[in-house]
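Dear colleague,

I am handing over the structure we spoke about, with the sequence alongside. Please have it open while you read the notes underneath.

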Amino acid sequence: MAEETILESTQRTSGREALRKNVQAAIALAGAVRSTLGPKGLDKLLVDDQGRTLVTNDGVTVLETARVEHPVAKMIISASSTQDRVARDGTTTTVVICAEMLRNAWQLVRQGVHPATIARGFAQAEQFSLDALGELVIEANVEQIQAAIETSLAGKLDQAMEKHLAKLSLEAGELILSNGRADPTRVKVIKQSGGSMLDTTLITGLALAKSRIHPEMKERGGPGSILILDGGLERRQPHLDTKLNITSAGMLDAFRKAESKSLLSQVDNLVEIGCNMLVCKEGVDEEARQALANHGILTYRRVEKKDLDLLSRSCGANLVPDAGRATKQDLGAFIKTREELRGGINHWILDAEDSGATLIARGSTDGVIDEVERCFADGLGVACQLLEEPVLLPGAGATQVALGRRLRRHAESVPGREQMAIEAWADALESIPRALATNAGYDGIDSLLKLTAAHSLEGDFIGLDLIDGEPKDTISRGVFEPLKITKQAISGATEAAISILRIDDVLWAQMDAQVPDEAQEMLQGFGAE
Ligand code: ADP
Ligand code: MG
């Protein structure tokens, strides 16, 4: 009775019905992205509520853009987003495997296997597979790392561009690798419209689309010290409500003089502390500019806050609010500075201890440039992972089939109904080679059977060649996947599937709060009382 009252305003589905609906949601979700899987996957055209369009092949982008409301679908999308954050790739794979695990689990439930038993079997299969991956790993050399980055970009852009971006990603990764760690945030991206995607270039050091403020200043030099000002060298802007009571003819003049004296004394302070270069967030007034030029202090102004932060990290400088009060300790160090034309636009390029690299992303439209930027971020993420830990697995479905065969052998030794769950989990894993084949226009089941047969004859490294649909050696073809991506996809998908299997009750709160006020009033007008 009490429960009834509490749950008055909720809809409720429970037990098998809840599971059935949740599995349906998962399958529908996977259906939305499965066709993008692999190099032959198709693109999706996404349209937002303002009519803006985006063409993409990236599973997680599709899912994050679609405003999915179903709570279970949201759990799977969140697994896919985690995959993106942690491994930068494998997002579609995660969703497809997870949905397939749930579909197979549902079949077992219908045969009378309890969801908790299935969950236990799935967890065992996951652990077994993570251990078995050790037998499939390849220690990668540089060419193989490059090939793995290309594999991860496959199908996202045209082939020449995939190669080009894979090369730039690896170069960028190598530039920022220090003490065995590579942090992708140390590569800045500048978007420059016009030109072709293939004009995208990488610059060593931190680049900003900026010119120095005074043509007399020397544009290249170094090493030297740099001050980063979170403000400007400007006369104070009188506030709108400031009132100056001018009572004598000389007063305004005196006020101006005092202001320019203050500016010049700030420049004097910079000279005193030994500053060779000044970068400001705001403007620099004419007198200050002249004084800076006279003292040979190279100056850049109106630099965005996020670039100031990058500069500060690159050079080890503090962000100071006031040039007059800056001290020696606030200065950072740079190695070299120069200006160069890139794509017809002047760029200031700074080399410092920690200045990383800058990508200038080019493309004919903003949409193309955004896709270049997204793909580069993915490529760079994979490059960084592989430079830190150069371990690969065979791609093109080889790893999934190799694990599937091991799992089935292992399942035979497991007593009880968990055995069925382990087999169901192995089937789910093999949905990847099936989907790769289907998306390339081949029969999924036939291809999987051929591949499995090839594995028993020729070993673990045989994957599908999607050009002729035949099983081929993946290593000589250079189709690799980083270990981290596959591990994360296996764990992420299994954990999401298990938590969904454990749900046996879904309570839907009635979402009054989301009904707009006017609509609420109209509804009330119909007077339910
Ligand atoms: P995800 O979002 O999961 O990364 P992708 O669309 O990037 O999805 O597809 C990745 C899958 O495509 C992996 O299983 C990978 O092995 C496979 N793949 C990539 N390139 C090739 C290729 N040249 N031949 C066969 N399979 C490939
Ligand atoms: Mg991918």
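What follows is a short account of what was found, from the overall picture down to single residues.

Please keep in mind that this is a predicted model. The protein chain has an average pLDDT of 86, with 89% of the residues scoring at least 70. The exception I would point out is the stretch of residues 525–529, where the pLDDT is below 50 and where the model shows 0 contacts beyond near neighbours in sequence. Where pLDDT is low, the predicted coordinates should not be read in detail.

As to the overall build, the protein chain contains 19 helices and 22 strands, and 49% of its 529 residues count as buried. Among contacts between residues at least 6 apart in sequence, 74% join residues that are at least 24 apart. The chain exposes about 25,600 Å², of which carbon and sulfur atoms supply 52%.

Turning to the interior, the largest nonpolar core holds 68 residues, and those touching the most other members are I76, M101, L102, I118, F122 and W425. Helix α5, which spans residues 91–110, gives this core its largest share, namely 11 residues. A second core, separate from that one, has 39 residues, including I228, Y300, A317 and A323. Returning to M101, and leaving aside residues up to four places away in sequence, its contacts are F122, W425, A428, A493, T494 and A497.

The aromatic residues gave a brief list, since by the rule applied the count comes to 1 aromatic pair. The pair is formed by Y300 and W348, and it is classed as stacked because the ring centres lie 3.9 Å apart and the planes meet at 5°, which is under the 30 degrees required. Y300 sits in strand β12 (residues 298–300) and W348 in strand β16 (residues 345–351), so that the pair links distant parts of the chain, 48 residues apart. Both Y300 and W348 are buried.

Finally, a word on A333, which belongs to strand β14 (residues 332–334). Is A333 buried, exposed or partly exposed? Its relative accessibility is 45%, and A333 therefore counts as partly exposed, given that this class lies between 20% and 50%. Not counting residues up to four places away in sequence, A333 touches G224, S225, I226, C315 and A352. The C-alpha atoms of A333 and S312 are separated by 9.7 Å, the two residues being 21 apart along the chain.

With best regards

Technical notes: Residues numbered from 1 in each chain as written. Chains lettered and ligands numbered in written order. Predicted model: local features only at pLDDT ≥ 70, side-chain atom pairs only at ≥ 80, totals over all residues. Heavy atoms only, no water. Core = buried A, V, L, I, M, F, W, Y, C linked by side-chain atoms within 4.5 Å. Buried < 20%, exposed > 50% of the residue type's maximum accessible area, 1.4 Å probe, protein only. Helix = DSSP H or I, 4+ residues; strand = E, 2+ residues; numbered from the N terminus. Contact = heavy atoms within 4.5 Å. pLDDT = per-residue confidence, 0-100. Areas by Shrake-Rupley, 256 points an atom, 1.4 Å probe, with all protein chains shown as cover. Phe/Tyr/Trp six-rings, centres within 6.5 Å; stacked < 30°, edge-to-face > 60°.
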